[in-house]
Amino acid sequence: MPQSEKPDDQERIVERVERRCDSIWDWLRAQGVATRVPFPDPRTLRSFSLGEVAEILGVSGSYLRQLSIDGQGPTPELGTAGRRSYTLGQINELRKHLASARPKEALKFWPRRREGDKLQIIAVVAGPASTTTSFYLAQGLALKGYRVLAIDLDSHGSLSCMFGYYSFGYPIYNASMAAAIRYDGDQKSMRSVIQATLFDGLDLVPGSAELSIFEDECSRRFRSENLRYPDASFRMVSALKEVEADYDVIVLACGDGGFLTAGAYEAATGVLVTVRPEVPEIVSMTSSLYSFTHFVALIERAGRTVNHDFFKCLVTRHDPRDVSQQNSIAKLREILGDDLLTATVWESDAIRRAGDKGRSLYELSSGAVGRSSYEQAMKSLNTANAEIMDIMFEVWGRAPFYASLASRSTTAGKASSESKG
C-alpha cells in the first residue's frame with residue numbers, strides 16, 4: 001500500500017503524538033504526580049503536624065511541644081499561629097532522641113532490629129489489592145521507624161507506579177531485580193538497582209518488563225535441564241544477603257512470574273496472602289495457596305529447605321455492611337484459624353481517591369479525600385499493619401506492642417493533627 005504524500009512542513013502523526021505526550025506529562029508534573037522515569041520527580045513528602053507526630057510516636061502533643069520549647073530534638077517548622085510541623089527525617093531524629101532520653105521505652109521509639117534479630121522478608125502474594133497492601137505496608141513500616149526495602153517483582157511495575165516510577169512497559173536494562181540475579185554474566189550488585197523514595201528510611205527496587213525476560217530465560221533453562229528446578233530463587237536469596245545489614249524489613253511484592261515468585265518464597269521469612277471475601281476471590285486465593293505449596297515442594301526437591309516464621313492471610317476490600325462478606329469471613333476464620341489476620345482492610349473511597357492523585361493516604365492530609373473517609377481508611381490500614389508488626393516483634397522475641405496501641409488510637413490524621421503546635 002503506497003504511503004500518502006504530505007507537505008514537508010506538515011507534522012507527522014508520530015510527531016504529534018510525541019508532542020501531546022510531552023504536554024500530558026508536563027501537566028501531570030504540575031499536578032504533583034511523580035514521573036521519575038524517564039523524568040526527574042518534583043514531588044516531595046509533606047510535613048506532619050505536631051498532633052500527627054504525637055500519634056505516630058505514641059506520646060502526647062503537649063510533651064512534644066515542651067520538647068520543642070526546651071530546644072530538645074530537631075527544630076520544627078513554625079507555620080500559621082505557631083503550629084509546629086516535622087519532616088519524616090525529623091521524626092526519625094525525634095525517635096533517636098526519645099530512645100536515648102527514655103531508655104526503658106527505647107524499643108517503642110527505635111524499634112529497628114538489634115544484633116541477633118534476623119532480617120524480616122515478607123512476600124506479598126499476587127492477589128486482590130496485594131500491590132496496595134505492599135505499598136501501605138512498606139510506607140507504614142517506614143513511618144514507624146523501620147528501615148524498609150520494597151521490591152517490585154511485577155513485570156508491569158504496578159508497585160513502582162505507586163511510588164512514582166514508570167517504565168511504560170519497556171524492559172529498562174539493569175533497573176529491576178533481574179539485574180542482580182541475571183544469568184548472562186552481566187549481573188549487577190543489589191545496591192545498584194535500589195532507588196530512594198520520598199520516605200526517609202524506605203527504598204525501592206522498581207519492576208519493569210525486564211523481569212519478563214528473566215522469566216523467559218528461567219523457563220528455557222527449566223526445559224533444557226529436564227525440568228530440574230533452576231537456581232533463580234537461590235540467586236534471589238544471595239542477592240538479598242548483600243543488603244541484609246541495611247534494612248530491618250524487605251517487602252517483596254510478587255507479580256505473575258512463577259520463577260520470581262518461587263524466589264520470593266525461598267527468600268521470605270513470612271508470607272502474606274490477600275483475599276477479598278467473595279467466593280470467586282476465595283477460589284483464586286485457594287489456587288495461590290496450592291501454588292505456594294507446589295513451589296516450596298520444587299525448591300525442597302532441589303535440596304534446599306524453606307522455613308517461614310509466619311504465613312498469614314489478610315482480608316482486603318472488606319465491606320462490613322455486606323452480610324455475604326461477613327459470612328465468608330466467618331467461614332475463612334473457621335478454616336484458617338490463626339493464619340487469618342484479625343484485622344481486615346475495608347473497601348475505601350479514600351484509598352481510591354488517593355490513588356487517583358498518585359499518592360498514598362500517608363502522603364495526604366485528611367482534607368484531600370474527605371475527613372471521615374480518610375480517618376476510617378487510616379484506622380483500617382494502621383490496624384492491619386500493627387498486627388503484622390507485632391508478628392515481627394514476636395519473631396524477634398519482643399512483647400507485642402502495636403495492636404494495643406492501634407486499638408487505643410484512631411489515625412494520624414485525626415482532629416488532634418489540627419491542634420495548635
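In this predicted model, the largest pocket is lined by 26 residues, and those nearest its centre are Thr132, Tyr136, Met162, Ile351 and Arg352. The volume of this pocket is about 450 Å³. Sorted by class, its lining holds 13 nonpolar residues, eight polar ones and five charged ones. Several elements contribute to that lining: helices α6 (130-143), α7 (158-163), α14 (349-356) and α15 (371-395), together with strands β10 (310-318) and β11 (340-346), each supply at least two residues.

Two of these contributors, β10 and β11, lead straight to the sheet of eight strands. This sheet is open, its pairing is mixed, and its strands follow the order β6-β7-β5-β8-β4-β9-β10-β11. At its edges lie β6 (195-196) and β11, each of which pairs on one side only. A helix also packs on the sheet: α11, made up of residues 258-267, touches β4 (120-125), β5 (148-153), β8 (249-254) and β9 (270-275). The direction of α11 makes about 155° with that of β8.

At the β11 end of the order, β10 and β11 run parallel and are joined by three bridges. One residue pair to look for here is His318 with Trp346 in β11, its bridge partner. Helix α15, already met in the pocket lining, lies across β4, β8, β9, β10 and β11. With respect to β11, α15 runs at about 155°.

Moving to the β6 end, the reader will find both senses of pairing. In general, strands of a sheet pair through backbone hydrogen bonds, and the pairing may be parallel or antiparallel. Strands β6 and β7 take the antiparallel sense, with two bridges between them. In this pair, Ala196 stands opposite Asp203 of β7. The two strands form a hairpin with five residues between them, and in this hairpin Gly201 takes a positive phi near 90°. Strand β7 (residues 202-205) also pairs with β5, this time in the parallel sense and over four bridges. There, Ile151 is found opposite Val205 in β7.

A further open sheet has three strands, in the order β1-β3-β2, and its pairing is antiparallel. Its edge strands are β1 (48-49) and β2 (77-78), each pairing on one side only. Between β2 and β3 (residues 84-86), two bridges make up the antiparallel pairing. A helpful landmark for this pair is Leu78, which stands opposite Arg84 in β3.

Turning from strands to charged side chains, the count of salt bridges comes to 21. Among them is the salt bridge between Arg221 and Glu217, whose closest N and O atoms are 3.0 Å apart. Both residues belong to helix α9 (residues 210-224), where Arg221 and Glu217 are four residues apart, about one turn of the helix.

Definitions and conventions. Residues are numbered from 1 along each chain as its sequence is written. This is a predicted model: local features need pLDDT of at least 70, side-chain atom pairs count only at pLDDT 80 or more; totals for chains, interfaces and linings use all residues. Side-chain values use heavy atoms; hydrogens and water are left out. On a 1 Å grid over the protein atoms alone, a cavity is a set of points where a 1.4 Å probe fits but cannot get out, and a pocket is an open set with protein on both sides within 12 Å along at least five of seven lines; lining residues have an atom within 4 Å of a point. Grid points are joined across faces, edges and corners, and a volume is the space filled by probe spheres set on the points. Ala, Val, Leu, Ile, Met, Phe, Trp, Tyr, Cys and Pro count as nonpolar, Asp, Glu, Lys and Arg as charged, and the others, Gly among them, as polar. Two strands pair if DSSP finds at least two bridges between them. Contact means heavy atoms within 4.5 Å. Axes are lines fitted to C-alpha atoms, for helices over the stretch in contact, and angles run from 0 to 180 degrees between N-to-C directions. A salt bridge is a side-chain nitrogen of Lys or Arg within 4 Å of a carboxyl oxygen of Asp or Glu.
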